[in-house]
Amino acid sequence: MTGSERRGIKRFGLQIPTMIMSTDPARQTEKLCLLSRDLSGYGGFFIGQKDLSLDSLVDLRIILDFNTSCGAESERYSVIEVEGKVLRTEREGVAIRFDGKFKISPIDSA
């Protein structure tokens, strides 16, 4: 059984820009802009600078781009906001488990 099969939920190999902010009041002004490597409804792995400690709580803003190359007349974006906890740090990034309370909102392009 592979690692993804043991997880019990499908993970998607998506590269999506994500802003990650610490919920620690002393570090709240710090914002990391990372790229997801894989995502599921329970969490994801984010590639890039990883100035986050194991078990730290974070707020995530995952930006979805719904624009197409087929001549869309307006730019369409949405954002998924969710809180999470750093489960693992590696050389190339961090694994974060989501709390399951997602908020999805459109982003005005105007």
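M19 stands opposite C33, a residue of strand β2. This placement belongs to a predicted model, and the pair offers a convenient point of entry into the strands around it. Strand β1 covers residues 17-22 and strand β2 covers residues 31-39. The two strands pair in the antiparallel sense, with five bridges between them.

Strand β2 also has bridges to strand β3, which comprises residues 43-47. Four bridges join β2 to β3, and these strands likewise run antiparallel. One point of this pairing can be located by residue: D38 has F45, in β3, as its bridge partner. The connection between the two strands is a hairpin, in which three residues lie between β2 and β3. Strand β2 is therefore bridged both to β1 and to β3, given that two strands count as paired when at least two bridges are found between them.

These strands form part of a secondary structure that amounts to one helix and seven strands. Read from the N terminus, the order of elements is α-β-β-β-β-β-β-β, so that the helix precedes the strands in an order numbered from the N terminus.

Several values describe the protein as a whole. The chain has 110 residues, of which 30% count as buried; the cut-off for this class is under 20% relative accessible area. The exposed area of the protein is about 7400 Å², and carbon and sulfur atoms supply 51% of that area. As for contacts between residues at least 6 apart in sequence, 55% join residues at least 24 apart.

Methods
Residues are numbered from 1 along each chain as its sequence is written. This is a predicted model: local features need pLDDT of at least 70, side-chain atom pairs count only at pLDDT 80 or more; totals for chains, interfaces and linings use all residues. Side-chain values use heavy atoms; hydrogens and water are left out. Buried means under 20% relative accessible area, exposed over 50%, partly exposed in between (1.4 Å probe, protein chains only). Contact means heavy atoms within 4.5 Å. Accessible areas come from the Shrake-Rupley method with a 1.4 Å probe; for residues, only the protein chains shown count as cover.
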